[in-house]
Amino acid sequence: MPERNIEFGKYGARGIKGHEAVARQLDALAGYIATPITARRGLQARLHYLTRTDHARAAARAAGLTVTDRTLRAWLDGTRTPSRKNLAAIEQAYRTVRRENVARYLAARLNRDGRGTRVEIHPINQSQVSRPRQRPVEFRALNVRRWDRIVAAWAAGDDQELDDAWVDQVVDLGSQWGQYEYVTNVGFAA
């Protein structure tokens, strides 16, 4: 029953895909730098994160930050400022490298030696749906024990694999699992 909701929102229901809500929560747990990249402090923090070791530099290059060392030094010294395109490349590289760095730790924290993590699934918002078309969808809680595939797909930025991994876990809800393809929020802590 994958791709169950072909015309989601046709009658006014609002929500996001479940795997997108999981990715949003994993991003929150990753602990990104809070200062925006447009502020000097935020730019410096990201550049230091991406250039402090040879391994970090190699990961940044693999993530798409392909500027010369001279340009990086100029940005770090503050003698030049990156263009908007380069700011976007720095932000993307930072998020990619940060995800890769915290993925193993996050998976271990969520798996909790096989005990798993309790996940709260908040159903879609049906406030704009006319009364006869509303369906009863309640708040659900689920204990997810296998996070490795979910976290690996999140770290790689692979939406399709993340969706497949999330659906494999939501199937544990039983016959109602298709009602939770779209949700308002998915909450869990590590």
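For the charge count used on this tour, Lys and Arg are taken as positive and Asp and Glu as negative, with His and the chain ends left out. The model on display is predicted.

**Whole chain.** Begin with all 190 residues of the protein selected; 44% of them count as buried. Aligned along the principal axes, the C-alpha atoms fill a box of roughly 65 × 40 × 25 Å.

**Charges.** Next, select the charged side chains. There are 31 positive and 21 negative charges in the protein, and the mean positions of the two sets lie 7 Å apart.

**Surface.** Switch to a surface display. The protein exposes about 11000 Å², of which carbon and sulfur atoms supply 48%.

**Secondary structure.** Return to the cartoon, where seven helices and five strands can be found. Followed from the N terminus, the elements appear in the order β-α-α-α-α-α-β-β-α-α-β-β. Of the contacts with a separation of 6 or more, 73% join residues 24 or more positions apart.

**Core.** Now select Leu 26, Leu 50, Trp 154 and Trp 166, the residues with the most contacts inside the largest nonpolar core, a set of 50 residues. Add helix 5, residues 84–111, which contributes ten residues, the largest share of this core.

**Trp 154.** Finally, centre the view on Trp 154. Which residues are in contact with Trp 154, leaving aside its neighbours within four places in sequence? They are Ala 23, Leu 26, Asp 27, Ala 30, Tyr 32, Arg 99, Val 102, Leu 106 and Leu 162. Among them, Leu 26 was already selected in the previous step as a residue with the most contacts inside the core.

Technical notes: Residues numbered from 1 in each chain as written. Predicted model: local features only at pLDDT ≥ 70, side-chain atom pairs only at ≥ 80, totals over all residues. Heavy atoms only, no water. Core = buried A, V, L, I, M, F, W, Y, C linked by side-chain atoms within 4.5 Å. Buried < 20%, exposed > 50% of the residue type's maximum accessible area, 1.4 Å probe, protein only. Helix = DSSP H or I, 4+ residues; strand = E, 2+ residues; numbered from the N terminus. Contact = heavy atoms within 4.5 Å. Areas by Shrake-Rupley, 256 points an atom, 1.4 Å probe, with all protein chains shown as cover. Charge placed at Lys NZ, Arg CZ, Asp CG, Glu CD.
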